[in-house]
Structure formats: structure tokens, C-alpha cells
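Colleague: Got a minute to go through this model with me? I have a few short questions.

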Amino acid sequence: MTVKIPTRFEHILGDDRLSSTPLIVRVPHDMKQFDILRRTTEIQGGGILSFLSGASGCGKTTSVWSASINMSDRFEPVLSVPATVPLREIATWLQDNVPGKTKKSLLILMDGREASDDTVGLRQFMATLNQFLRSRPDIIVCWPTTNDDWKQELISMARMVGGNSLTPASANVTISGPPKEAWNDVLERLFIQLDQRLEDLGMSAESIAQAIAENETVGDFLGVVRDEIASRVDMVQLAQDLPEILFVVTSTSAVVGEANRLRRAGTMVLKAEELVGYSPRSESGKWWQERNKSPQHHLAYVISLFRAKLVTMTPSSVVYSIAEYGPEDMRSALRDKGISKSPANADTTFQSTDFCKYINGSGVNELTSTIKGKTSDSVLNAYAHIQQLSARRHKVINQAICALAEKNVPTFTASQGSFEVDLGEQDTYADAVISLEDRELHLEFHHLSDAHCKAASIAAYIMKKLRVYANHYNITPR
């Protein structure tokens with residue numbers, strides 16, 4: 001699980017995981033500057049070219065988007081000129097892409113354009129832009145810069161071509177960006193959208209406070225957080241060759257709702273606080289509560305390191321996997337209970353499980369506790385029989401399930417996988433190690449009776465297994 005923290009606003013715009021609007025922190029001083037620019041265009045009756053200066057990472061690009069969002073009664077949504085458009089072609093691009101006039105001002109962002117040696121092209125651009133803006137008092141072209149010498153060169157050329165009306169004194173803007181006391185809020189907003197917390201990443205509030213104190217811009221601060229996350233999660237995963245763990249819990253149809261209490265929608269990643277909360281008095285729950293006192297040993301951090309997820313299978317999918325791929329004695333017992341071999345039923349029931357949806361990549365974006373449909377008595381009786389055998393026939397049950405999974409998701413190569421893999425600890429095994437596309441999954445199966453199909457039972461089992469993995473890979477003290 002790679003957690004990528006964007007350090008620039010343009011990174012956010014290109015990230016499908018993030019919505020930009022909730023991430024913007026309003027900076028009153030900077031907003032006032034854009035209001036002054038708008039009034040300048042109204043007074044002189046023509047558009048202007050404004051230069052936004054400030055240290056790299058202070059929030060120049062963000063300020064443009066912030067103005068259009070926080071003052072939407074005065075500004076249209078931002079129009080951004082692609083950085084791939086050559087300087088000499090920008091004027092043509094503007095003529096083709098700028099919408100017609102409205103009662104609001106339009107901010108046009110020219111980002112990603114530092115010093116250029118194309119003096120002729122720059123002069124042509126300024127001349128064409130000057131002509132274009134004379135008839136468009138609603139337009140403010142914003143050009144962020146970090147190099148003062150380059151900015152002064154641009155201002156000089158703009159005034160040589162269009163006088164002070166193209167770039168008036170008020171158009172030379174210095175962006176402050178969010179103050180340090182707002183940086184933690186910026187990070188928290190990112191974490192909310194990324195569905196992460198400090199505990200998930202092995203970080204503490206003290207380390208964030210130190211990063212704030214030691215950096216000068218919000219971009220640099222986010223860069224330090226990004227690098228710290230990489231060192232604590234990605235580098236640890238690589239250095240210690242940590243496996244990705246997938247817990248597969250089967251039971252009656254209630255298992256889906258019970259599991260939903262312990263995992264996150266979409267990703268199926270386990271939720272540490274809920275695991276402990278549902279089983280605080282279990283031996284493993286007490287053990288993890290002690291480890292949670294340290295960010296480096298916190299259950300949430302361990303879940304992140306192992307990319308631990310939880311999926312489920314309903315009774316019909318388990319029953320038909322045994323009917324198709326189980327040993328003859330178990331298939332015979334199912335026939336006696338009214339369940340016959342049926343490839344169509346096996347495929348249909350398996351494809352409806354979130355286990356299938358996870359390994360085929362379709363995902364489950366909404367988690368509910370509502371039980372959907374009704375399971376027949378014959379299937380419930382058959383599942384109860386299988387579950388009773390799970391302690392001593394665990395391996396063959398798991399092999400049958402994985403065979404059905406491979407039939408429906410060929411990239412899940414169960415036929416080439418291993419079952420009951422020794423982890424190197426006394427009497428400790430991974431139920432299965434199977435490749436899924438370009439990564440290897442450690443699967444841990446737990447087959448529950450209807451009486452034990454509770455979030456508390458699932459949580460206690462998962463925490464016990466994660467304790468074994470954390471100890472085995474020397475992540476937590478024993």
C-alpha cells in the first residue's frame with residue numbers, strides 16, 4: 001500500500017483519489033490580492049497579466065484555484081494553459097479555448113514556465129496577449145514565478161509592449177501561502193481523502209510538529225512528510241520483504257455485515273481501532289493495546305506494512321466450491337444434503353463475493369450491514385457440515401475455494417501456489433501463498449459457524465494472526 005502525499009497543487013489535480021476543493025485552506029491576505037487584481041481590470045477596462053512570486057512550494061498555484069473557489073461569486077473556474085503548449089502558440093491557444101465574457105472574472109493560469117531564452121517568441125507572445133486582453137476586461141492571466149530576475153525581465157518586456165496597462169503595479173503579486181499554524185490542517189484534509197491516519201503510517205503528532213517547525217513552505221513540509229512515510233512504510237516493506245496478507249472469512253450471510261465493521265470501503269484494508277474496539281478483552285486485543293503505545297509498534301502501522309485486508313465468502317460460494325473441487329468424501333456428503341455439482345452455480349455464487357471482487361479488481365465501494373437475499377436450508381446445512389470439518393480438513397477446503405477462484409480469476413494462480421506454508425515459527429503456517437498478477441498474497445482462511453459469526457470473533461482471530469506475523473518479521477517486541 002503506497003501512500004503518496006502530493007506536495008504541489010498540480011499533483012492533486014492529476015490524482016483521481018483526491019478532490020481539490022476540500023483541500024484548499026483559505027488565506028485571507030492572498031485572496032485580497034486577487035480581489036485587487038479584479039478591481040484593477042474593472043477600472044482600466046482591460047485584462048491584465050499578473051506575476052505571482054514566492055518561494056517554491058509556498059502555494060502560488062493553489063492561491064489561483066483558491067480564489068476561484070473561495071470567491072466563486074466573483075471568479076469563474078480557473079482555465080489552465082497546458083505546460084506542453086509552446087510559448088509562441090499560447091496566444092492562439094487562448095483564442096481557441098477562452099470562453100466568452102460573463103459577469104465574473106476569469107483567472108487563466110500559466111504554470112510550469114520558468115526562464116526561457118526565446119526572446120523573440122516571448123515578445124511575440126506579449127504583443128499578441130496585449131491585443132487580446134484590451135477587449136477582455138474580465139480576464140486575469142496569472143504567471144507564477146520563483147526567479148526574481150526572470151520575473152523582472154518579464155515585467156520589463158510586458159511594459160515595453162503594452163505599457164503599465166498590461167502589467168500594472170498591482171499585478172506584481174507576492175503570495176504568502178497558508179501560515180504554519182494551518183499546515184497540520186492541510187495534512188489532515190489530505191489524510192481524510194486518502195483514508196489514512198498518523199497511526200497507519202507509524203508517525204506521531206510530535207514528528208509532524210517538528211516537520212512544521214523545520215520547514216519554510218507548506219510544499220516543503222508535505223515533502224518531508226512524504227519522505228518520512230516512504231521510509232517508514234515503503235522502505236520497510238522492501239527491506240524486510242514483507243508479504244501482503246489477505247484474510248478470507250467465511251460463514252453465513254451475516255459475515256459480510258460483521259466484516260464491514262472492521263474494514264474500509266473500496267480498499268478492504270483493516271481498521272485497527274475497530275479491531276481492538278470489538279475485541280478489547282481477548283488475549284490478542286490486550287497484547288495490541290500495549291503495543292499501540294508506540295507509533296512504531298501500533299496495530300494500524302503493522303496493518304499498513306502488511307497491507308492487510310479482509311474479504312468474505314458467503315455459505316453458498318463455499319458449498320459449491322467443495323461440490324466442484326472438494327475431495328470425493330465431502331462431495332458425497334453434500335449430495336446427501338441435496339447439493340450437487342453445478343459449475344454455473346459455483347461461478348455465480350463465487351462472483352458475487354467480495355473475495356472475487358477484490359482479486360478481479362472490480363472492488364466494493366460501499367459497505368453495508370444489510371443481508372441481501374435468502375440462503376436455502378440445504379445450503380446452510382451443507383455449509384454447517386463443511387465448517388465442522390474445517391479444523392481437520394482446513395487445507396482441502398481452502399484448496400477447493402482457491403481452485404474456484406482461479407477458474408473465475410485466472411491471474412489468481414492457485415494451481416501454482418503453496419498451501420500450509422511454514423512461516424518458520426513453531427506450529428505457525430500461512431494457509432496459502434498465491435500469486436495475483438505481479439504480487440504474492442499470503443491468504444489466511446477462517447471458517448466460522450453461524451453462532452460465532454460476530455465482529456468480535458473475527459477481530460480476535462485477525463489480531464492473533466497479525467501478532468504472529470509482526471513477531472515473525474521482527475516488527476514488534478514479543
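Colleague: Is Glu437 buried or exposed?

Modeller: Glu437 is exposed, at a relative accessible area of 57%. Keep in mind that this is a predicted model.

Colleague: Where does Glu437 sit?

Modeller: In the loop that links β9 (429-436) and β10 (439-447). Those two strands form a hairpin with two residues between them, and Glu437 has a positive phi near 55 degrees there.

Colleague: How do β9 and β10 run, and how many bridges join them?

Modeller: They are antiparallel, with five bridges. One pair to look at is Leu436, whose bridge partner in β10 is Arg439.

Colleague: What else is β9 joined to?

Modeller: Strand β8, residues 418-422, also antiparallel to β9, through four bridges. In that pairing, Phe419 has Ala432 of β9 as its bridge partner.

Colleague: And how many residues of β9 are buried?

Modeller: Six of the eight, so β9 is largely enclosed by the rest of the structure.

Colleague: Back to backbone angles. What is phi at Met268?

Modeller: Near 70 degrees, which is positive, and the residue is not a glycine. Met268 belongs to the loop between α10 (255-260) and α11 (272-278).

Colleague: Is Met268 buried or exposed?

Modeller: Buried, with a relative accessible area of 1%. The cut-off for buried is under 20%, so Met268 falls within that class. Glu437, at 57%, is exposed.

Colleague: Change of topic: the sheet with parallel pairing. What is its strand order?

Modeller: The order is β2-β3-β4-β1-β5, an open sheet of five strands. Its edge strands are β2 (79-80) and β5 (172-174), each of which pairs on one side only.

Colleague: How many bridges are there between β2 and β3?

Modeller: Two, in the parallel sense. Across that pairing, Leu79 stands opposite Ile108 of β3.

Colleague: Which helix goes with β2 and β3 in the β-α-β unit?

Modeller: Helix α4, residues 90-97, and the unit is right-handed.

Colleague: What about the other side of β3, how many bridges does it have with β4?

Modeller: Four, again parallel, between β3 at residues 106-109 and β4 at residues 139-145. Leu107 is opposite Ile140 of β4, and Leu109 is opposite Cys142 in that strand.

Colleague: Which residues cover the two faces of β3?

Modeller: I would put it as both faces being covered, with the strand's own residues buried on each. Leu106 and Ile108 point to one side, Leu107 and Leu109 to the other, and all of these are buried.

Colleague: Last one, α19. What length should it span?

Modeller: Helix α19 runs over residues 394-408, so its 15 residues should span 21 Å at 1.5 Å a residue. The C-alpha atoms at its ends are 22 Å apart, which agrees.

Colleague: Which residues of α19 are buried?

Modeller: The apolar ones include Ile397, Ala400, Ile401, Leu404 and Ala405. His394, Asn398, Cys402, Glu406 and Asn408 are buried as well.

Methods
Residues are numbered from 1 along each chain as its sequence is written. This is a predicted model: local features need pLDDT of at least 70, side-chain atom pairs count only at pLDDT 80 or more; totals for chains, interfaces and linings use all residues. Side-chain values use heavy atoms; hydrogens and water are left out. Two strands pair if DSSP finds at least two bridges between them. Buried means under 20% relative accessible area, exposed over 50%, partly exposed in between (1.4 Å probe, protein chains only). A crossover is right-handed if, with the strands pointing away from the viewer, the path from the first strand over the helix to the second runs clockwise. The expected span of a helix is 1.5 Å times one less than its number of residues.
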